[in-house]
Amino acid sequence: MEHTTDYNALAEALRRAGSNRDAAQAHGLLCGRLAATGGSSGAGWLDVVLEDVAPDNALRRECEAMLNTLYQSSYQQLAQRLSEFTLLLPDDDDPADVRTDALARWCEGFLHGLVTGQSDARLRERLAAEPLSDMIRDLLQITQATADTDDDAETNEQAYTELVEYMRVAAQLAYEELVDLRPPTAAEKAGPARAH
């Protein structure tokens, strides 16, 4: 399953509405919040992404609709452990520096979402222990990522692809590792789905 939210369309909608968050950062923040607090994080996440947008701004409703779609698809992908979970990033035909910058912002948003979703000593302890502590150190480095202008396009492309895959797996790992700290969803209470 792919996002039905287009990166460029959301980025433009956020910009026009006056949000200080971009599409990559907003999605990273969402995924971090989902890992830390689960399905209940939607409203709080929306408020953070649109905190600079006046409630009566007509463009806010357009952003809210797109963000709600992004929330639903991302939550479903993580909660149902779908292998198709994807990061909301620029298209592959965008320049390497644009995509790398967006990946760094996605990572920044994700880390912010992990630590601001809830204030809980158990969460802090879990984030400070392996395997999440190692992942967080890696993500902090990725927030500083830039495309290397000295490398050829193929080398940059390979490095970018590897970082995207690492981040995709890291988001899923965080969601799995923190499952017992989140209130269980109805689907989790019911247990794993059975094949017919």
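**Reading Thr100 and the rings**

Me: So Thr100 sits in helix α5. Is Thr100 buried or exposed?

Reply: This is a predicted model, where local features need pLDDT of at least 70, side-chain atom pairs count only at pLDDT 80 or more, and totals for chains, interfaces and linings use all residues. Residues are numbered from 1 along each chain as its sequence is written, and side-chain values use heavy atoms, leaving out hydrogens and water. Helices are DSSP runs (H or I, at least four residues), numbered from the N terminus. Buried means under 20% relative accessible area (1.4 Å probe, protein chains only). Thr100, at 8%, counts as buried.

Me: Which residues is Thr100 in contact with, leaving aside neighbours within four places in sequence?

Reply: Contact means heavy atoms within 4.5 Å. For Thr100, that gives Ala145, Thr146, Ala147 and Tyr160.

Me: How is a pair of aromatic rings described?

Reply: By the distance of the centres and the angle of the planes. Rings of Phe, Tyr and Trp (its six-membered ring) pair with centres within 6.5 Å; planes under 30 degrees apart are stacked, over 60 edge-to-face, the rest tilted. The count here is two pairs. Tyr71 and Tyr75 have centres 5.8 Å apart and planes at 15°, so they are stacked. Trp106 and Phe110 are stacked too, with centres 5.4 Å apart and planes at 10°. Trp106 and Phe110 are four residues apart in α5, so about one helical turn separates them.

Me: Which ring does Arg99 lie over?

Reply: A charge sits over a ring if NZ of Lys or CZ of Arg is within 6 Å of the ring centre and within 35 degrees of the ring normal. Arg99 lies over the face of Tyr160, 4.6 Å from the ring centre.

Definitions and conventions. Helix = DSSP H or I, 4+ residues; strand = E, 2+ residues; numbered from the N terminus. Buried < 20%, exposed > 50% of the residue type's maximum accessible area, 1.4 Å probe, protein only.
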